[in-house]
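Visitor: Could you take me through one part of this model in close detail? I'd like to hear about the long-range picture only as far as it helps with that part.

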Amino acid sequence: MSTILTAIAAAPSPSPSVVPDVDVTPGVAGFIAIAVVAVVTILLVVDMTRRIRRTRYRAEIRQRLESDAGEGVTTDEPSRRIGEDGRTDVGDDTERG
C-alpha cells in the first residue's frame, strides 16, 4: 500500500496548458443561437401583450354589458340594443334611410 502512495506522490502533476482565446469564444454559431433566442423572446412578449390586452378589453366589454343589463329599462326611454353591425337599435320598427 505504501508503494502505491509513494508512486502517486512521485508522479508529476500535469502542467496547466494555455488555451488560446480563439478556442474559447462561441464564434458565429453562438452568436446565431443567441440571436434566435432573442428574436423568439421578443415575439413571445409581443404575442403575450396582445393576448393580455384582448382579455382585458373583453372583460371591460362584458362588465359594460352587465352594467347596462342591470340598469333596467325606464318607461319613457325606448329599449336600446346593439346590432351585429355595431349600430344601436332604438327599439322602434321604423326604417331609416
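Guide: Here is a walk along one helix, with a little context before it.

This is a predicted model, so a local feature needs pLDDT of at least 70 and a side-chain atom pair counts only at pLDDT 80 or more, while totals for chains, interfaces and linings use all residues. Residues are numbered from 1 along each chain as its sequence is written, and side-chain values use heavy atoms, with hydrogens and water left out.

First, the setting. The protein chain has 3 helices and 2 strands, where helices (H or I, at least four residues) and strands (E, at least two) are DSSP runs numbered from the N terminus. Reading from the N terminus, the order is α-α-α-β-β. Of its 97 residues, 1% count as buried; buried means under 20% relative accessible area, exposed means over 50%, and partly exposed is in between (1.4 Å probe, protein chains only). About 9,500 Å² of the chain is exposed, and carbon and sulfur atoms supply 61% of that. Those areas come from the Shrake-Rupley method with a 1.4 Å probe, and for residues only the protein chains shown count as cover.

Now to helix H3, which covers residues 27-71 and holds Phe-31. Phe-31 is exposed, at 61% relative accessible area. Together with Val-28, Ile-32, Val-36, Val-40 and Leu-44, Phe-31 makes a nonpolar surface patch of about 610 Å². Patch members have over 30% relative accessible area and no salt bridge; nonpolar side chains (Val, Leu, Ile, Met, Phe, Trp, Tyr) are joined within 5 Å, like charges within 9 Å.

Farther along, charge takes over as the topic. Side chains of opposite charge can pair when their charged atoms come close. The structure holds 2 salt bridges, each being a side-chain nitrogen of Lys or Arg within 4 Å of a carboxyl oxygen of Asp or Glu. One joins Asp-47 to Arg-50, with the closest N and O atoms 3.8 Å apart. That pair sits 3 residues apart in helix H3, so about one helical turn separates the two. The other joins Asp-47 to Arg-51, at 2.9 Å from N to O; here the spacing in helix H3 is 4 residues, again about one turn. Asp-47, Arg-50 and Arg-51 are thus linked in a salt-bridge network. As for cover, Asp-47 is partly exposed at 25% relative accessible area, and Arg-50 is partly exposed at 43%.
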